[in-house]
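Trainee: I have a chain to go through before lunch. Can we take it piece by piece?

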Amino acid sequence: MVRIQDGIGCFVFLITPFYISIENALDTICDRARSLLPRYIDIEECLTVRYNTRFVNLQSVFGTQLMHRDVDSFCPEPLHPNRAGHIVIADTLLSELSKE
């Protein structure tokens with residue numbers, strides 16, 4: 001596991017972006033953003049293995065949350081979380097930090 005040598009020994013995390021939207025129209029900005037995201041996540045996963053970092057897939061985390069709540073519960077638009085979305089992110093990072 002990579003640690004920053006700053007006297008306190010911090011873990012390095014790679015955290016994916018997320019894009020949550022109920023829009024299903026093709027050939028739109030939303031569609032293009034969704035189509036790029038899996039490749040971006042794959043690259044982060046490869047970097048995680050290569051540099052032995054921790055990996056947090058927020059797209060997956062929000063995907064699980066969306067099985068129980070609607071999109072507007074977390075984001076007023078696909079990229080920027082509201083308070084509840086930030087709580088989901090914070091809780092996920094806290095869980096990851098608790099693992100050692």
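Trainee: In which helix is Phe62 found?
Mentor: Keep in mind that this is a predicted model. The secondary structure comes to three helices and four strands. Phe62 is found in helix α2.

Trainee: What order do the helices and strands follow along the sequence?
Mentor: There are three helices and four strands to place. Read along the sequence, the pattern is β-β-β-α-β-α-α.

Trainee: Is Phe62 buried or exposed?
Mentor: The cut-off for buried is under 20% relative accessible area. Phe62 has a relative accessible area of 0%, so Phe62 is buried.

Trainee: Which residues is Phe62 in contact with, leaving aside its neighbours within four places in sequence?
Mentor: Take the C-alpha atoms of Phe62 and Val88 to start. They are 26 residues apart along the chain and separated by 8.0 Å. Val88 is one of the contacts of Phe62. The full list is Phe18, Ile20, Phe74, Gly85, Val88 and Ile89.

Trainee: How many aromatic pairs does the structure hold, and what is the geometry of Phe18 with Phe62?
Mentor: The structure holds two aromatic pairs. In the pair of Phe18 and Phe62, the centres are 4.6 Å apart and the planes are at 40°. Over 60 degrees would count as edge-to-face, and under 30 as stacked. The Phe18 and Phe62 pair is tilted.

Trainee: Why does the pair of Phe18 and Phe62 tie together parts of the chain, and how many residues apart are they?
Mentor: Phe18 lies in the loop between β3 (13-15) and α1. Phe62 lies in helix α2, so the pair ties together parts that are 44 residues apart in sequence.

Trainee: What kind of pair do Phe62 and Phe74 form?
Mentor: The ring centres of Phe62 and Phe74 are 5.7 Å apart. Their planes are at 65°, and the cut-off is over 60 degrees. So the pair is edge-to-face.

Trainee: Where do Phe62 and Phe74 sit, and how many residues apart are they?
Mentor: Phe62 is in helix α2. Phe74 is in the loop between α2 and α3. The pair links distant parts of the chain, 12 residues apart.

Trainee: Which residues form the aromatic cluster?
Mentor: Phe18 and Phe62 are both buried. Phe62 and Phe74 are both buried too. The one aromatic cluster is formed by Phe18, Phe62 and Phe74.

Trainee: How many residues make up the largest nonpolar core, and which elements give two or more of them?
Mentor: The core has 12 residues in all. They are Phe11, Phe13, Phe18, Ile20, Val56, Leu58, Phe62, Val71, Phe74, Cys75, Val88 and Ile89. The elements that give two or more residues to this core are α2 and α3.

Trainee: Which residues is Ile20 in contact with, leaving aside its neighbours within four places in sequence?
Mentor: Ile20 belongs to the largest nonpolar core. Its contacts are Gln59, Phe62, Leu66, Val71, Phe74, Cys75 and Pro78.

Trainee: Is Gln59 buried or partly exposed?
Mentor: Gln59 lies in helix α2 (residues 58-65). Its contacts beyond four places in sequence include Thr16, Tyr19, Leu37 and Ile41. Its relative accessible area is 23%, and buried needs under 20%. So Gln59 is partly exposed.

Trainee: How far apart in space are Gln59 and Tyr19, C-alpha to C-alpha?
Mentor: In sequence they are 40 residues apart. In space, the C-alpha distance is 6.8 Å.

Trainee: Which side chains meet in a salt bridge?
Mentor: The count comes to one salt bridge. The N to O distance is 3.0 Å. One partner is buried at 16% relative accessibility, and the other is partly exposed at 47%. The side chains are those of Lys99 and Glu96.

Trainee: Which residues does Glu96 touch, not counting those up to four places away in sequence?
Mentor: Glu96 is in helix α3 (residues 83-98). The residues touched are Phe13, Arg54, Phe55 and Val56.

Trainee: Which residues make the nonpolar surface patch of about 260 Å²?
Mentor: One member is found in helix α1 (residues 29-51). That residue, Tyr51, is partly exposed at 44% relative accessible area. The patch is made by Ile43, Leu47 and Tyr51.

Technical notes
Residues are numbered from 1 along each chain as its sequence is written. This is a predicted model: local features need pLDDT of at least 70, side-chain atom pairs count only at pLDDT 80 or more; totals for chains, interfaces and linings use all residues. Side-chain values use heavy atoms; hydrogens and water are left out. Buried means under 20% relative accessible area, exposed over 50%, partly exposed in between (1.4 Å probe, protein chains only). Contact means heavy atoms within 4.5 Å. Patches are made of residues with over 30% relative accessible area and no salt bridge: like charges are joined within 9 Å, nonpolar side chains (Val, Leu, Ile, Met, Phe, Trp, Tyr) within 5 Å. Accessible areas come from the Shrake-Rupley method with a 1.4 Å probe; for residues, only the protein chains shown count as cover. A salt bridge is a side-chain nitrogen of Lys or Arg within 4 Å of a carboxyl oxygen of Asp or Glu. Rings of Phe, Tyr and Trp (its six-membered ring) pair if their centres lie within 6.5 Å; planes under 30 degrees apart count as stacked, over 60 as edge-to-face and the rest as tilted. A nonpolar core is a set of buried Ala, Val, Leu, Ile, Met, Phe, Trp, Tyr and Cys residues joined through side-chain atoms within 4.5 Å.
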